[in-house]
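Got your viewer open? Load the model below and keep the selection panel handy.

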Amino acid sequence: MAGRTVRVRGLPAGLPPDRLADKLTIHFLRSRNGGGDIAEVRVLPGPPPCALVTFEALEVAQRILKAKNHMLAIGEKHYPLEVTAHVVELSPDEVARSRQLLPAG
């Protein structure tokens, strides 16, 4: 999943997560938006809400990140989206475990 997931901010509040996930899926599937096949869309509760969109291919995520001015249309309203690379943050326990695996030097 590394590199294939983007974080999306600027989502409208008050929309049910399943409807928001459907709208994001439609937006990011469209080739005119740089999109492609999606593996998963997870809407994270806010406020403000955000979403993680994981694409099947790394190239699609890279295209999405390069594209400017993502605009999500819901009814008559348009919401400018902020799309950034999703960086997995390690918990302190995971950091400690990874340090134990490194050779002393």
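Here is a walk from the whole chain down to single residues.

This is a predicted model, so a word on ground rules: local features need pLDDT of at least 70, side-chain atom pairs count only at pLDDT 80 or more, and totals for chains, interfaces and linings use all residues. Numbering starts from 1 along each chain as its sequence is written, and side-chain values use heavy atoms, leaving out hydrogens and water.

**Whole chain.** Start with a cartoon: you should find 3 helices and 5 strands, where helices (H or I, at least four residues) and strands (E, at least two) are DSSP runs numbered from the N terminus. Along the sequence they go β-α-β-β-α-β-β-α. Switch on a surface and you're looking at about 7100 Å² of accessible area, 54% of it from carbon and sulfur atoms (Shrake-Rupley, 1.4 Å probe; for residues, only the protein chains shown count as cover).

**The sheet.** Now select the strands. They make an open sheet of 5 in the order β2-β3-β1-β5-β4, with antiparallel pairing; a pair needs at least two DSSP bridges. β2 and β4 are the edges, each pairing on one side only.

Zoom in on residues 38-44 and 50-55: these are β2 and β3, joined antiparallel over 6 bridges. They form a hairpin with 5 residues between them, and V41 sits opposite V53 in β3. Next, pick β1 and β5, an antiparallel pair with 4 bridges. Here R7 faces T84 in β5.

**Helices on the sheet.** Bring back α1, which lies across β1, β2, β3, β4 and β5 and runs at about 130° to β4. Contact means heavy atoms within 4.5 Å; angles run from 0 to 180 degrees between N-to-C directions, with axes fitted to C-alpha atoms (for helices, over the stretch in contact). Then add α2: this helix touches β1, β3, β4 and β5, at about 120° to β5.

**The core.** Which residues touch the most other members of the largest nonpolar core? Select V8, L24, F28 and F55, out of 20 residues in that core. Such a core is a set of buried Ala, Val, Leu, Ile, Met, Phe, Trp, Tyr and Cys residues joined through side-chain atoms within 4.5 Å, and buried means under 20% relative accessible area (1.4 Å probe, protein chains only). α1 gives the largest share, 4 residues.

Finish on F28. Beyond its neighbours within four places in sequence, F28 contacts V8, G35, G36, I38, V53, F55, I64, H70, L81 and V83.

Terms used:
Buried means under 20% relative accessible area, exposed over 50%, partly exposed in between (1.4 Å probe, protein chains only).
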